[in-house]
2 protein chains.
Amino acid sequence: MTHQPQQYRSPDGLPVDIAIFTITSHAKLGNYRMLADRRLDVLLVRRSASSEAFPGCWALPGGFSKEGETLLEAAYRELKEETNVDRDVTIEQIKTVYYPGRDPRGWMPSVLYCTLVKEAYLLKLAADTDADEVRLFPLDEALKMKLAFDHNELLQDALNYVQTKMMTTTIAKQFLPEEFTIRELYQVIQTVVPSFEEDIANFKRNLMTTKARQGLIREAVTADGQPKTTDRNSNRPAQLYVYTDYEPRISIYNSGLF
Amino acid sequence: MTHQPQQYRSPDGLPVDIAIFTITSHAKLGNYRMLADRRLDVLLVRRSASSEAFPGCWALPGGFSKEGETLLEAAYRELKEETNVDRDVTIEQIKTVYYPGRDPRGWMPSVLYCTLVKEAYLLKLAADTDADEVRLFPLDEALKMKLAFDHNELLQDALNYVQTKMMTTTIAKQFLPEEFTIRELYQVIQTVVPSFEEDIANFKRNLMTTKARQGLIREAVTADGQPKTTDRNSNRPAQLYVYTDYEPRISIYNSGLF
DNA sequence: ATAATAGTGTCTTTTAGACACTATCGT
DNA sequence: ACGATAGTGTCTAAAAGACACTATTAT
């Protein structure tokens, strides 16, 4: 990389880190079709053994934004480099950290992003990459590890952000297929925010029939207008739903605390 | 791809901009004590006529973070430099922008912060500074001006952030005295989020008696345990309240849309 | 008495929560 | 018939919303 001498010499990019979350499914054994267990995972990469700082440590993926590239573009590039995901995923900026001593090597801010990726998009990951270099960790496990730099804090910040957004926006859709069942929606919310608990019958009614949430999701229908169902979670088919583009401005799943 | 050691020298700071909001009071004329009108204002500074970029333009205050200083410390320093406020105010980070061509002079990201300052803290501002260089603008006016750089967008982002937080957290307290009336609280919310409208009698009842919001604010009492009142807004004294440290995790003022 | 804000009371509708119950399907 | 999930119905309690009413104070 070349640069012009200036009053202060500066890089043409900024360091960008990204927390890539996914929900993995773990089928239960049994004679009947049952709901899979689900778990929140985060993708970490291992720093090379010859790294100057934190060699061999697991860390959030990241890199420098390049000349002519926005920060968000750099985040998308990182995502693609690590997971080969090059699809319609949303990436959001969480925060920027910079304080003296953050990196033993000197000046090193970091702009933290996060994204929620459907499990299906990551199927190739296991096949294509060396699991000793890039892999998904269960979130609670990752939080207990000693990550490089201040990545434990960054990961916690990202988690808090996602949990808040999960209860106040429709980001659950990023973890769900286009068409999903009420139970799947409920399960996604609970996987991200375990303290969310509600009678599922009431959950459905509150979601579908109260004024403030009317139109948040609607029933999926086939080409000829018939209700669309799936039997992927149970023998008895269940109604599918889709999100509309309505974004309520409060906690969208109940009107009290969660 | 993780961070590479840098091959180039770099600045030891980052540019920091700060949106400083306040609510100004404007007393109405009349023979009786009346509630003041309130308005949301933002502080802007004028760039010098000899600036290389955007000379003479109004802009959000900002500057570079210094060596040995965190970004947040830099934001506090900026706040003090512009307003002489050196008190218990909260400053929050909103976002970081960086994209090619943002600054005609070259590399220029910006880390945007915002803060809410009580009007009382800014009383000296008018006296101490040249109003042609630093002054408060009504927010709607500021949004219509042609500000330097991308500060129109930054200001809008800051406003959106504050509006969202106003409805989902207790930041209203940053605009209020320690002890305030229900009406003052209501007025602050409405000043920041004009679409918030509610029968004030119901507002009070919902705030004080519903389970999810129980304990959010409580009645102020004197040393001997008597209810504390004020007559600053009306001839009839009104009960004062204080915030507790309870932070509900939903829209805290009603359970529907706002 | 009046103007202004503070505060109470009551009635109706909507929403929340608990929980028992029925339905469907593959094995 | 059974296991599992899907979905319905009903009763009670809590909350929201509309709105009329009373209270307090300086002038």
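This report covers the protein surface around DNA strand C and one helix pair of chain A.

The model is predicted: local features need pLDDT of at least 70, side-chain atom pairs count only at pLDDT 80 or more, and totals for chains, interfaces and linings use all residues. Residues are numbered from 1 along each chain as its sequence is written, chains are lettered from A and ligands numbered from 1 in the order in which they are written, and side-chain values use heavy atoms, with hydrogens and water left out.

**Around DNA strand C**

There are 28 residues around DNA strand C. A residue is near the strand if one of its heavy atoms lies within 4 Å of it. A:R213, A:R236, B:R183, B:R236 and B:Q239 come nearest. Of the strand atoms that come within 4 Å of the protein, 66% belong to sugar and phosphate.

By class, the surface near DNA strand C has 9 nonpolar, 9 polar and 10 charged residues. Ala, Val, Leu, Ile, Met, Phe, Trp, Tyr, Cys and Pro count as nonpolar, Asp, Glu, Lys and Arg as charged, and the others, Gly among them, as polar.

Which elements each supply at least two residues of this surface? They are α6 (200-209) of chain A, and α6 (200-209) and β10 (238-239) of chain B. α6(A) gives the most, with 5 residues. Helices (H or I, at least four residues) and strands (E, at least two) are DSSP runs, numbered from the N terminus.

The table lists polar contacts to DNA strand C. A polar contact is a pair of N or O atoms within 3.5 Å; within protein, one must be able to donate a hydrogen and the other to accept it, and residues adjacent in sequence count only if both atoms are side-chain atoms.

| Side chain | Strand C atom | Distance |
|---|---|---|
| A:R213 | phosphate oxygen | 2.4 Å |
| B:K204 | phosphate oxygen | 3.3 Å |
| B:Y32 | base oxygen | 3.4 Å |

**Helices α5 and α6 of chain A**

α5(A) (residues 182-192) packs on α6(A) at about 105 degrees, with the axes 11 Å apart. α5(A) is therefore roughly perpendicular to α6(A) (65 to 115 degrees). The contact (heavy atoms within 4.5 Å) includes A:I182 and A:Y186 of α5(A), and A:F203 and A:L207 of α6(A). It has 7 nonpolar, no polar and 2 charged residues.

A:E197 sits in the loop between α5 and α6 of chain A. A:E197 is exposed, with a relative accessible area of 64% (exposed means over 50%, with a 1.4 Å probe and protein chains only). Leaving aside neighbours within four places in sequence, A:E197 contacts A:Y186 and A:Q190.

Definitions and conventions
Axes fitted to C-alpha atoms, helices over the stretch in contact; angles between N-to-C directions. Parallel < 35°, antiparallel > 145°, perpendicular 65-115°, else oblique. Buried < 20%, exposed > 50% of the residue type's maximum accessible area, 1.4 Å probe, protein only.
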